[in-house]
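User: Please take a close look at one part of this model, the positions that its database record marks as a binding site. I would like a connected account of where they sit and what surrounds them, followed by the wider setting.

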Amino acid sequence: MMSKQNATTEYLKSLKIQEAENKMQHDLDRLLELCPSEETKQYRELFQSFMTLFKRFLVKSEKVQWQEIQSLPPEYLIDYNSFNIPGKDIVKGMLDKLVVVKLNGGLGTTMKCMGPKSLVPVRNDLTFLDLTIQQIESLNTEYEANVPLVLMNSFNTRNASENALRKYRNLNIKIYTFMQDKYPHINAENFEPLPRSFENDEPFWYPPGHGNFYEAFGRSGLIKKFKEEGRQLCFVSNIDNLGATIDFAILNFLLNSSKTNEPNFLMEVTHKTPADVKGGTLVLHNDKIKLLEYAEVPYEHIDEFKGARKFKYFNTNNLWMKLGPIINLTNDDKLVLGVIENKKRMASERGIFDVIQLETPIGAAIQSFPGALGVVVPRSRFLPVKTTSDLFLLRSNVYILENGKIVMNPLRSFPSAPLVRLGDEHFGDYRDIDKRFAKIPDCIDLHHLTVSGDVTFGKDVSFSGNVTIIANHKERIDIPQGSKLQGKIVTGCLRIVDY
């Protein structure tokens with residue numbers, strides 16, 4: 001039985017929560033009065049969704065009870081190698097039941113890109129968007145299929161992405177777009193929404209994470225359209241993950257598995273490396289499959305979470321979902337999504353603010369889908385580009401390009417890609433690669449590369465083994481044309497110029 005003191009504490013806490021809810025609703029109603037009349041209905045619905053998330057944020061327990069977390073039992077994980085690869089004669093029928101969705105709401109700020117990350121050149125002057133379209137167009141042509149591509153844009157990426165799509169009007173691919181919601185930043189000091197208008201306050205709005213996919217996709221009407229066309233399944237992934245291609249073996253498993261054990265949701269996971277220690281992992285929580293995120297882990301268990309002994313795999317954010325269950329779960333309001341509190345410091349003309357972004361992870365919905373499973377896929381299914389180091393590697397001869405797909409060069413003797421670390425100060429901008437490398441070096445036998453400081457490279461340079469190049473502060477290193485660096489450490493100052 002709850003003590004009187006605890007009951008009083010809970011009562012006072014509930015009063016504060018109710019007060020915060022009422023104040024936020026009042027502020028949103030006042031903001032809505034400034035909304036252009038033709039957009040009032042849209043923003044009223046948007047604010048209702050935001051308030052639902054805000055209420056969950058106020059009452060949520062940020063950390064999980066660690067004793068309730070268990071490693072995922074084997075029956076919830078499938079080995080990709082156990083899947084059958086279907087014959088070409090049945091692939092077309094499967095492709096006609098598929099929709100491909102790419103999450104395209106992000107900006108390439110980590111690589112100093114001012115616009116959509118999907119428009120950054122990756123290889124041969126082709127962008128993420130170009131490569132994605134090339135992949136699907138090639139499949140549609142080969143199999144006489146009509147797989148549509150759907151982009152979930154944010155208000156940050158919509159205009160530039162729509163402009164970039166104009167050149168693809170005559171290809172063998174139908175491209176659709178919809179926009180995720182637009183939520184107000186919250187002032188961390190007083191829980192007030194920061195926007196004061198709907199026109200000139202863009203920095204004070206944000207797209208609320210990938211978990212908004214379900215609601216925004218449903219509201220767009222596209223999911224209903226695809227279902228009426230006879231499509232059954234969507235494959236959702238980040239547009240910057242070049243390993244996230246249509247996989248016939250996974251598609252065959254989902255469409256042709258036993259009806260008595262038909263999964264409605266499949267999450268691709270892969271083996272954890274030191275670079276993936278903060279990635280979400282699948283666990284068993286209160287006898288249900290759950291995606292455990294780094295932010296949910298109690299501080300004293302962080303090292304255990306980051307290790308690979310108990311949690312061997314992490315979420316690639318490659319997700320396969322049946323359309324029917326998505327519609328049913330969203331209509332019945334039965335999707336369970338965790339709330340992520342993303343704190344930031346924002347500098348603007350109005351001053352400096354500590355702000356809160358409330359977001360939801362798309363993969364967290366796995367606990368809502370009956371029969372949801374994880375599939376352990378090869379590392380080649382996860383090729384994200386988060387930094388210029390990743391971009392450098394994908395432009396090198398470690399990989400080759402085939403019909404829009406980036407695949408490991410068969411000439412490479414190592415089974416995995418090399419580890420590359422380029423210093424942020426001189427290589428943090430994606431344009432620095434073109435400025436500092438006259439030509440991307442030969443990396444086919446490279447194991448590990450570290451470059452830091454003011455370093456430039458001539459043409460026809462090759463790396464092999466472990467190579468470290470570090471220029472001293474205010475000094476410069478120029479690696480001359482034709483240099484062959486094998487297991488070398490170059491430090492200090494080195495300049496070779498033409499005579």
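The answer below starts with the annotated positions and then moves outward.

Analyst: The model is a predicted one, in which local features need a pLDDT of at least 70 and side-chain atom pairs count only at pLDDT 80 or more, while totals for chains, interfaces and linings use all residues. Residues are numbered from 1 along each chain as its sequence is written, and side-chain values use heavy atoms, with hydrogens and water left out.

According to the unreviewed UniProt entry, the annotation "binding site" covers Lys117, Gln180, Gly209, Asp240 and Lys386, and His210 carries the annotation as well. UniProt positions are given here in the numbering of this model, with feature names shortened, and such annotations may be inferred rather than shown by experiment.

Lys117 is placed in the loop that joins strand 3 (98–104) to strand 4 (121–123), where helices (H or I, at least four residues) and strands (E, at least two) are DSSP runs numbered from the N terminus. Lys117 counts as buried because its relative accessibility is 10%; buried means under 20% relative accessible area, exposed means over 50%, and partly exposed lies in between (1.4 Å probe, protein chains only). Setting aside residues up to four places away in sequence, Lys117 touches Gly106, Leu107, Gly108, Met111, Phe128, Asp240, Val385 and Lys386, where contact means heavy atoms within 4.5 Å. Two of these partners, Asp240 and Lys386, are themselves covered by the annotation. With Asp240, the side chain of Lys117 forms a side-chain to side-chain polar contact at 2.7 Å. A polar contact is a pair of N or O atoms within 3.5 Å; within protein, one must be able to donate a hydrogen and the other to accept it, and residues adjacent in sequence count only if both atoms are side-chain atoms.

Gly209 sits in another loop, between strand 10 (205–206) and helix 6 (213–220), and His210 lies in that loop too, between strand 10 and helix 6. Gly209 counts as buried because its relative accessibility is 13%, whereas His210, at 31%, counts as partly exposed. Beyond its neighbours within four places in sequence, Gly209 is in contact with Gln180, Glu359 and Thr360, and Gln180 also belongs to the annotated set. His210 likewise touches Thr360, and its contacts also take in Leu103, Met152, Asn238, Asn317 and Ile362, again without counting residues up to four places away.

Turning to the wider setting, an automatic or database domain assignment supplies the bounds, and the chain is divided into domain 1 (1–59), domain 2 (66–381) and domain 3 (388–491). The contact between domain 2 and domain 3 takes 16 residues from each of them. About 1,500 Å² is buried between domain 2 and domain 3, and carbon and sulfur atoms give 59% of that area, buried area being the accessible area (1.4 Å probe) that two parts lose on being put together, summed over both. Nine residue pairs are in polar contact across this interface, both residues being at pLDDT 80 or more. On the side of domain 2 that touches domain 3, strand 4 and helix 4 (128–143) are the elements that give two or more residues, and helix 4 has the largest share, with four residues.

On the domain 3 side of the chain, helix 11 (residues 388–395) has seven of its eight residues buried, so it is largely enclosed by the rest of the structure. Its buried residues are Thr388, Ser389, Leu391, Phe392, Leu393, Leu394 and Arg395. Tyr399, found in strand 19 (residues 399–402), is in turn buried, with a relative accessible area of 6%. Its contacts more than four places away in sequence include Leu393 and Leu394, together with Arg123, Leu383 and Ile406 among others.

Further along, Thr456 in strand 23 (residues 454–457) is buried, with a relative accessible area of 18%. Its side chain makes a polar contact with the side chain of Asp478 at 2.3 Å, and Arg436, Arg476, Ile477 and Ile479 are also among its contacts outside its neighbours within four places in sequence.
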